[in-house]
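Here are some short exercises to work through with the structure in view. Try each task yourself before you read its solution.

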Amino acid sequence: MTIQNIIDGVADALSTLNKTMYVNEVKQGYQNGDILIHVVDASIQPMMTLRYRGSVQIDVIQFNDVKTDAYAMGQQIIDLLEVISTDDGMIRGSNYSYNYTDGALHVLVTYDVSVQRPETPETKMHTLTTTEGVK
């Protein structure tokens, strides 16, 4: 599981809103209602051998001039992001919160995932040649 897999899952879940979506930055000229998906924090903690615990915090920013409309949209976005589908399966979000600041609604959600580093098979020995005989 990678951060890009999670971003793609969030974008797919939000596609039902029929809004223009940006990832990590808005180049120029956003419209009222557009959505920006921004990674706030990503961390990995080692567990055992090749296993890790990953945590990715996503900030979904919806530009909205009307505060009451923004708060109504906040709950709708949380409902869509509760469980998202990725290439590696379904993952559930946690630590949901939203607030309205400077003409934009910020919806924060954290996805905790288990990550296993792929093990590279090592070649121990290609061939073994033996000779036998009596002395």
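**Exercise 1.** Find out whether Asn-95 is buried or exposed.

Solution. Start with the cut-offs: buried means under 20% relative accessible area, exposed means over 50%, and partly exposed lies in between (1.4 Å probe, protein chains only). Asn-95 has a relative accessibility of 57%, so Asn-95 counts as exposed. Next, place the residue: Asn-95 is in strand S5, where strands (E, at least two residues) and helices (H or I, at least four) are DSSP runs numbered from the N terminus.

Before you go on, note that this is a predicted model, in which local features need pLDDT of at least 70 and side-chain atom pairs count only at pLDDT 80 or more, while totals for chains, interfaces and linings use all residues. Residues are numbered from 1 along each chain as its sequence is written, and side-chain values use heavy atoms, with hydrogens and water left out.

**Exercise 2.** Look at the backbone of Asn-95 and state what is notable about its phi.

Solution. Phi of Asn-95 is near 55 degrees, a positive value in a residue other than glycine. For background, most residues other than glycine have a negative phi. Now turn to Asp-102, whose phi is also positive, near 50 degrees. Asp-102 sits in the loop between S5 and strand S6 (104-116) and is exposed, at 79% relative accessible area.

**Exercise 3.** Find which side chains meet in a salt bridge.

Solution. Look for a side-chain nitrogen of Lys or Arg within 4 Å of a carboxyl oxygen of Asp or Glu. A search of the whole structure gives 1 salt bridge. Arg-92 and Glu-82 form a salt bridge, at 3.1 Å from N to O. The partners are 10 residues apart: Arg-92 belongs to strand S5 (residues 89-101), and Glu-82 to the loop between helix H2 (67-81) and strand S4 (83-86). Finally, compare their surroundings: Arg-92 is exposed at 53%, whereas Glu-82 is partly exposed at 36%.

**Exercise 4.** Work out where Ile-6 lies and whether Ile-6 is buried or exposed.

Solution. Ile-6 is in helix H1. With a relative accessible area of 1%, Ile-6 is buried. Then look along the chain to Val-56: Ile-6 and Val-56 are 50 residues apart in sequence, and their C-alpha atoms are 8.2 Å apart in space. For a contrast in helix H1 (residues 3-14), take Asp-12, which is exposed at 54%.
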